[in-house]
Amino acid sequence: MSFAARVLLLTLGFVLAAHAQSDVGTLKGTISDPAQARVPGAVLTLENPLTGRRSQVRSDLTGQFELANVPYGSYRLRIEASGFQPFLRELSVRSNVPIVLNLILTLATSKQSITVKAPMDVVQQDVPRTETVIDENAMDRLSPEVVRRNQLQSVVASTPGWSTENDGILHVRGVDDGVLYVLDGVPTPDRADSVFGSPFQTEAISSVDVITGNIPAEFGDRSGAVVVVQPKSGWGAAPEGSVTFGAGNFRSAELAASLTAGTRRWGYMLAAEGNRSDRYLDPVDPRSLHDQGRVVSFFGRTDWHPTPNDAIILDLSADGSSFDVPDTLAQQLAGQDQRQRLRGNHQAVSWQRTWSARTLTNFAWFRHAYSAVLRGSAFDTPLFASQDRSHSRIGGTASLTHAVRGHTLKTGLEAARVALAESFRFAVTDPQSGEAAHLSPQAMAFTPDRPFQFAARATRGLASAYAQDDFSPVHHLTVNAGARFDYTDLLLSDHQFSPRMGAVYYLQRTRSALRASVNRLYMPPQAENLLLASSSQARVLSPFGTTAGGAAIPPEKLWAYEAGLSQQLPWHLRLNAAYWWRRFRNIDDPNVLFSTTVIFPNSVARARAEGVDARLDLPQRRGWSACVSYSNSRITEIGPLNGGLFLTDEFLELGPGTEFTPDHDQRNAGSFAVNYAGQPRGLWLSFQGRYESGVPVELPSASLPELRGRPGFDLINITTGRVKPWAVFALAGGLDLWTTEHVTTAAMFNLQNLADHPFVFNFGNPFSGTHFGYPRLWAASLRVRFR
């Protein structure tokens with residue numbers, strides 16, 4: 001059956017319903033007195049005790065109010081009005097079906113009080129999944145990382161389950177960079193690290209929801225985790241903006257600006273940023289040789305509410321970066337000058353219609369486009385490489401949500417077309433250096449006079465549909481049940497039916513939430529460099545081309561299981577812990593092309609992974625808040641490999657049935673943060689730390705004398721066969737220098753790796769190469785806010 005026919009059948013079967021809905025809700029309603037007269041000017045404060053989010057509005061002249069763009073979570077609503085008793089209510093936002101509240105205040109002279117008091121819910125007693133929400137308050141306390149630009153990845157990695165690699169690459173629960181980013185309700189499955197794109201501007205973010213366990217059926221395409229990014233909105237907001245100037249070591253500099261404004265019918269949010277540094281990527285030599293780079297990005301969002309029941313949102317973004325490919329000392333002395341240029345632009349428009357207090361629909365169209373150019377130079381050694389590739393993802397989503405009799409039903413469809421274009425060329429320029437680098441005989445055969453050349457184009461499609469239900473069959477038990485069907489043609493045609501089931505039971509006496517889940521997940525290979533990695537030309541270079549394995553890269557399929565606990569402790573502390581295990585077929589495990597920034601997709605036949613994740617949160621008390629995250633995990637992969645572009649023989653031992661430990665097997669990882677936000681003068685401080693126990697070192701072709709001559713040898717442990725454990729600490733803070741009625745000027749600082757502790761992310765690994773961690777970094781910035 002053709003792809004178009006499959007899409008048509010899915011469309012007819014599901015009547016255009018899919019997952020373009022943002023994980024934000026809306027509270028609206030009226031405030032009245034005991035005589036049913038409306039109360040204007042009542043102050044409504046909505047506060048999340050765990051994240052510290054605090055929103056405030058006033059009821060209008062008719063006593064009506066509306067709080068929009070409320071991230072999912074547990075909240076405390078407080079209402080105050082002159083002549084009335086304060087009103088307090090605990091509530092939970094778990095759907096984008098609006099919550100309608102028609103509230104009656106009690107007169108201050110009355111002896112009766114209707115104040116509703118309940119224990120503060122910090123365990124998320126009705127959430128059957130493992131998730132961490134980071135609010136804009138935490139984002140606002142981030143001092144711009146002038147030298148390192150991966151702020152969003154740093155925020156995500158501070159939650160449990162994650163390990164880090166060079167240039168913002170993240171791994172979670174055994175999966176190598178399998179993260180689905182959902183921006184304003186639109187899925188973005190393409191890679192987001194520094195060698196593929198530009199970072200998202202954290203100043204434009206309202207909230208980030210990181211989901212690692214029991215991924216709802218509405219999310220697909222990636223198997224590791226879901227990161228839901230909700231941008232700020234200018235709808236109904238008074239004009240407000242900021243301009244930030246920053247500078248740091250390595251000749252780093254940054255200029256950023258943002259602006260929001262709106263009325264009750266429209267709003268806009270604009271953000272732009274430019275950054276340059278002499279340490280743009282994590283280098284292959286500790287001296288950061290040939291490592292300059294610059295990036296410019298723009299994001300804009302427009303909200304239009306033509307009627308009280310309709311919302312149309314337009315998102316636009318564009319980014320571009322140009323940077324050097326870092327050199328080894330030998331390449332620097334030879335005059336190598338490889339450079340890379342990345343461009344990206346994104347457009348999305350969505351229409352959300354509220355049909356009733358229980359039903360809404362959402363339709364969206366999106367387009368993501370990317371391009372990358374790698375330019376080699378005349379003195380490249382031992383390998384010359386050049387590349388010009390692009391891909392675009394154009395599609396549509398639609399969704400239907402209906403709340404009835406305690407059930408929140410959601411059903412949906414998504415379809416997209418992916419267009420790929422790639423050209424690539426390489427040649428061995430120095431045979432002697434090539435032999436020392438253990439290039440294979442097949443790779444050595446390509447010389448400047450007879451280079452390896454590849455060019456191809458393809459257009460393929462993807463389609464998915466899902467249905468899910470959130471309900472509570474008995475008191476204190478919440479269930480999320482759903483199923484998803486995925487069909488992909490990228491480049492192999494395949495499909496999977498994926499049941500998803502999770503439940504949480506709340507023990508009120510001990511304030512414990514016990515949860516468990518089972519998910520089947522499906523992930524097509526990354527689109528970047530897929531044509532070459534799957535080609536017959538790459539198969540000739542593969543060590544597995546004449547046996548099992550080879551060129552075709554099938555989708556990753558896995559079963560994911562989890563059992564977890566969320567426990568409220570004294571002083572409103574929350575402990576969230578989970579034991580998880582996963583079983584993979586065709587696990588995605590990309591590899592780096594020799595010493596370039598080109599990453600090729602490939603898969604390994606089978607894998608198993610398991611681990612424990614835990615996080616302890618202290619909600620804000622008298623300005624102080626803190627969190628500690630820890631993860632212990634283990635992953636084993638079983639050969640052979642499929643796809644990729646292999647230029648060395650170091651993969652020969654990974655044949656059929658061979659078990660090995662992959663390069664992202666980070667056994668122990670932990671992080672902590674202690675924060676203070678005080679008044680007056682807007683003082684804030686944040687002390688943070690991160691520890692990782694070290695990934696495997698795979699150097700089967702190297703002798704010990706050869707290893708001793710390599711930079712970074714003192715940072716690996718030959719006995720354990722791993723990178724030495726490393727820990728880094730950071731300190732950031734800010735203070736309002738002066739404030740007027742409309743303008744606030746603040747100074748900020750950021751110190752990273754305070755002890756200047758040397759470390760490597762990886763070392764000599766055939767999949768990921770060698771990359772050195774960052775030394776002590778400092779940055780200072782000045783931010784001017786106006787309103």
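1. Helices and strands here are DSSP runs, with at least four residues for a helix and at least two for a strand. On that count, this predicted model holds nine helices and 44 strands. The radius of gyration is 27 Å, close to the 28 Å that the globule rule gives for 787 residues, so the protein is as compact as a globular protein of that length.

2. A few overall figures may help you get your bearings. The C-alpha trace spans about 90 × 60 × 50 Å along its principal axes, and 59% of the 787 residues count as buried. Among contacts with a separation of 6 or more, 69% join residues 24 or more positions apart.

3. On the surface and charges: the accessible surface comes to about 30500 Å², and carbon and sulfur atoms make up 59% of that area. There are 73 positive and 73 negative side chains, with the centres of the two sets 6 Å apart.

4. Do have a look at T164, in strand β9 (residues 162–164). T164 has a relative accessible area of 15%, so it counts as buried, the cut-off being under 20%. Its side chain makes a polar contact with the side chain of E692 (2.7 Å). Beyond its neighbours within four places in sequence, T164 also touches other residues, including R690, W726 and F761.

5. L180 is worth a visit too; you will find L180 in strand β12 (residues 179–183). At 0% relative accessibility, L180 is buried. L180 and G224 are 44 residues apart in sequence, yet their C-alpha atoms are 7.8 Å apart in space. Outside the four places on either side, the contacts of L180 include P187, F219, R222 and V226.

Note on methods: Residues are numbered from 1 along each chain as its sequence is written. This is a predicted model: local features need pLDDT of at least 70, side-chain atom pairs count only at pLDDT 80 or more; totals for chains, interfaces and linings use all residues. Side-chain values use heavy atoms; hydrogens and water are left out. Buried means under 20% relative accessible area, exposed over 50%, partly exposed in between (1.4 Å probe, protein chains only). A polar contact is a pair of N or O atoms within 3.5 Å; within protein, one must be able to donate a hydrogen and the other to accept it, and residues adjacent in sequence count only if both atoms are side-chain atoms. Contact means heavy atoms within 4.5 Å. The radius of gyration is taken over C-alpha atoms; the globule rule is 2.2 Å times the number of residues to the power 0.38. Accessible areas come from the Shrake-Rupley method with a 1.4 Å probe; for residues, only the protein chains shown count as cover. Lys and Arg count as positive and Asp and Glu as negative; His and the chain ends are not counted. The place of a charge is taken as NZ of Lys, CZ of Arg, CG of Asp or CD of Glu.
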